[in-house]
Each structure stands twice: as C-alpha cells, then as structure tokens.
Amino acid sequence: FMSKGNMRTMETLTKRVPAMILGLLPFLLLWNGGMDPRAVWVLGIVTGILTLWECTQKNTRGLPQMIGIVAVLFAAWTALSFLTSSTQTWGFDELVRDISCMLLLWLAARRTEGERSQILKMILAVVILSACIGMLIYLLEPGRRFVGTFLDIAAREEWPNAFASLLLIVWPLLFVLLPTTWAIAVSGVLGGCLALTGSRGALLALVAQVSIAAWIWLRHRDKSLDGSKVFSLRMAMLCVCLLATVLIANGIRGVWFPVNDVTDRLTFALTQEPVTERMHYWNAALHMTAERPLLGWGPDSFGSVEQRYQTVALEISAHPHSVPLKIAAERGLPALLFFLVLIVMVLHAAFCRTHRHGTWATLVGLGLLGVLLHDLVDTTVLMTGIAIPFWILACLVTGREETEDVSPLTKALLACTGVVLIVMSASELLRPTMLRGATELDAAVELLAEGKLDEAKVQIDAFRRLSPEEPQGASVLSQFFVQKNQQEEAISFAK
C-alpha cells in the first residue's frame, strides 16, 4: 500500500528514532539539572525502550568488544554490590542509572556520523540554554552561587559544582560546531559562568583543560602562522570574555543582593573548613574500603555508614567528595578497577585514535577529561545530570564500524535487560517516596505513637532487614526501647 519512496522514507525515519531520542535526553538537565530522583526513572524507561527498539534493527556500528565487556562487568558488579548491601533503602537509583548509562554506551556507539553531529548540537544547545536560565536566576534570586538549572527551588537545594562539571564537558564542543572566533567568545562567557559557581576543583580542571588544548594546538598548528602571536591574541580574547562575564553579572546582581568575591572563595579566604571536612570524608571512605574491599557497603551507602568513622562532629555527607573513593567504598575495589579501565579505554579512543575520528574526538575527550579531573575531589559524574551527557559523548568517540551486527544471543540479553530496566524504573516512578522501606518505617512510627509496641517491632524488624546500617531505623528502634523502659538498649541504638 506504500510506494517504494515512502517505504524508504519510513525506513530512514525508523533508523533515526534512537538518535533523535538520545538527542532529547539531555533536556532532562532542564528539570532541576536532572537531579530530581524521578529523572533517573525516566532515564531508565527511555533507555529500556530504546534498547528494545535497537535490538530490532540491523546495524554494523557498535562498541569495541573489550569496552562492552568492561561496561557489563561494571554494571554487574554494581548490581551484586546492591544485592549484598546493608543499606538497601538507598542505592537503587544509582543501580538503575548506571545500567542505563552502560546501555547508552551501546546505543550511542551505533549512531552514524551525521547523527553524532546532531547529538553534539543538542547537548550544546541544552547547556547554553541552561546557562542562560542560570544567569537569570543568579541575577534575580538570593542564592550566592551560579547554579544554572541545577537547583530545586521548593527544597532549597543547589548543585553548583555539578553545573561546573557540565560546563567542563561542553566548552570544547564549541570548537567543533562554531567558527574559532565565536567559539573563543562563547567559551569565555561559559568560563565566567564556571567562575561564578565558585567551584575550586572545576576551575583547576579548566586550567588543566586550557593548558592541554594550548599544547595540542601549538603542536599541530599551521607552521606558516606566527604561533605565539595567534595564541596570545586568542588567550587574551578568552580572558576578556571571562572577566567581562563575571564583572557584569556581579555588577548587576550587586544592585539587589550581596555578592561574594569570587577570589575570596577560590583562595579559601572565606573559610578553611571545606578542606578539613573533605579530608575526614576521604579518611572515612578509606576505612570503609578497608573493611569491605570486595563488594563495598552498597551503592549510595556512604551517608549511612560514614558516621561510625567520624572522629570529629561533622555534617552528614551523602558522598566522600571523590569518585574513586566513592566507588571503592560503596561497590568494592573490583568495581573501581572496571570503572578505571573503562575510562582509560574511552580516553585512549579520544586522544590516540584521532586519525580515524578526527579532531572532534580529541575535543570531546578533553571535555570528558576535565570532568574526571574535577571528580578527583567531587562526585559529579555519578549524578544523573552529568552522567547522561558524559556517557553519550564517551560512546560517540568509541563507536566504530564492525564487520557484522551483534549476535542474536547478545541482542536477546540486551532486550531482557531493557525489559527489566523498564519494569524497575516504572515501579519506582510510581513509588510515593524515594526511600525504600519508608512504608515500614512510617508504620512503625505511627504504631509507636499509638502504643502498639509489638506491631511496631514487626515493622522495625522488616525495615532493618532491608537496611541494617540505616541510622533512621536505629533511631526508631531506640524509641521503641525507650517505651519498653529498656534504657541500656535505647542508649546503644541512639549512639
């Protein structure tokens, strides 16, 4: 019933659907910077559907075999760590996110050259839009740091360091998609936005990125050009745009709100506490790793466990402010090894295979490297809003043409994974609260208030079987023993 021309058009559109949806995924960054817990479940559902779709298509593009194997090992070890976790009230979102990101590696690697270019443009457009919205928020809201769209106004939460990582990923893409002069100007503006976030680690990573980019350019420049003069002019233009962005933004903002001196924050003039705090968190992560080196304590368990290793009174932190330490402490040393091997292979594809991918791969690799340098002292790449563009870009530079499509058995396994991912994500999306086991805990609190101690103990035990290390469970159990007039037990669980 359809002409051959219409059939070819339909076939072309069918093949492009995954690329179009992958390009739309970064728009989750405009939803609280992708930091809303529901963004993880949306990511899982979309990735699962895309995986099922892709399994029905014939495509000879794909991941190098070793990268695929290591990605599967990392996801599988994360799942095993979660299943043996003693804090299963948390971490399920990290499991879903990481499985989704490993599937994104395969999905994005199967895209054509033209589709890759479209995805790059979509990511860049989303980040620039996020920066524009963030500038309006910075000028008109009382928050002290630039956060882009990485904020939850209702919960009064902000993630400026995460937005800084996003800028580190994206600014090298400007030199892929824009003329050099425009790329330098827009990079300077985004650099100013990064400075306004006040992220010291990100600024140091930016300096490292610019230094590497300058070295690469000077090494491969046209020998007929006066390299030092051209380089000096471009760096001067970059610095002027960066400083102008900071000065103009703070000048306008200063009319309504107090403005922190960026220099004071970057030089720790305001306080030295973040340095000492992070050292304590790093020490706690090392102790957690030493106690459970194989499978760790479970994904997202740091906030529940690190209190036992505190030597001074500190605010509870959800993570140890270091990606390597977080993975080692929560998922074990094997997971850290798989992660590092995966990263090394991605960076090798970006920097050492440019004769096959072109200059754009080196620039994408430069953005990925900047985030990884930043995350030596932070954990932004393990956040949904950063993980999505990071892994999409990572697989764009690793994808290659194979001699044949993946085997039917592999596709069957991928399809099964997609189905499981959809079911898990949909069930969690319908859950009324993020905390797994919250129903049992809330019921226990209500029963204690009504004096029904035996029934409350049943609910408490059910919660603690799920997450014995969770402090909230110990607190409610302490209240139970108080009502039973068993003071010694109450005190032991209150500690």
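Reader: Before we look at Gly296, what counts as a helix or a strand here?
Author: Both are DSSP runs, numbered from the N terminus: helices are H or I with at least four residues, and strands are E with at least two. This is a predicted model, where local features need pLDDT of at least 70, side-chain atom pairs count only at pLDDT 80 or more, and totals for chains, interfaces and linings use all residues. Residues are numbered from 1 along each chain as its sequence is written, and side-chain values use heavy atoms, with hydrogens and water left out.

Reader: OK. Where does Gly296 lie?
Author: In the loop between helix H12 (273-291) and helix H13 (302-305).

Reader: Is Gly296 buried or exposed?
Author: Buried, with a relative accessible area of 5%. Buried means under 20% relative accessible area, exposed means over 50%, and partly exposed is in between (1.4 Å probe, protein chains only).

Reader: What does Gly296 touch?
Author: Ala329, Glu330, Arg331 and Gly332, leaving out residues up to four places away in sequence. Contact means heavy atoms within 4.5 Å. The C-alpha atoms of Gly296 and Gly332 are separated by 4.2 Å, yet the two residues are 36 apart along the chain.

Reader: Which other residue is in the loop between H12 and H13?
Author: Asp300 is found there. Its phi is near 60°, a positive value in a residue other than glycine. Most residues other than glycine have a negative phi. Asp300 counts as buried, at 16% relative accessibility.

Reader: And what about the phi of His321?
Author: Positive, about 60°, although His321 is not a glycine. His321 sits in the loop between H13 and helix H14 (323-331). At 15% relative accessibility, His321 counts as buried.

Reader: New topic. How many helices and strands are in the protein?
Author: There are 23 helices and four strands. Of the 495 residues, 50% count as buried.

Reader: How many residues has the largest nonpolar core?
Author: It has 103 residues. Such a core is a set of buried Ala, Val, Leu, Ile, Met, Phe, Trp, Tyr and Cys residues joined through side-chain atoms within 4.5 Å. Met102 and Trp391 are among those with the most contacts inside this core. Helix H4 (residues 92-109) gives the most to this core, with 13 residues.

Reader: What does Met102 touch?
Author: Ala71, Phe74, Ala75, Leu342 and Trp391, not counting residues up to four places away in sequence.

Reader: How many disulfides does the structure hold?
Author: Zero. A disulfide is a pair of cysteine sulfur atoms within 2.5 Å.

Reader: Why no bond for Cys395?
Author: Because the closest cysteine sulfur, in Cys101, is 9.5 Å from the sulfur of Cys395, too far for a bond. Cys395 counts as buried, at 0% relative accessibility.
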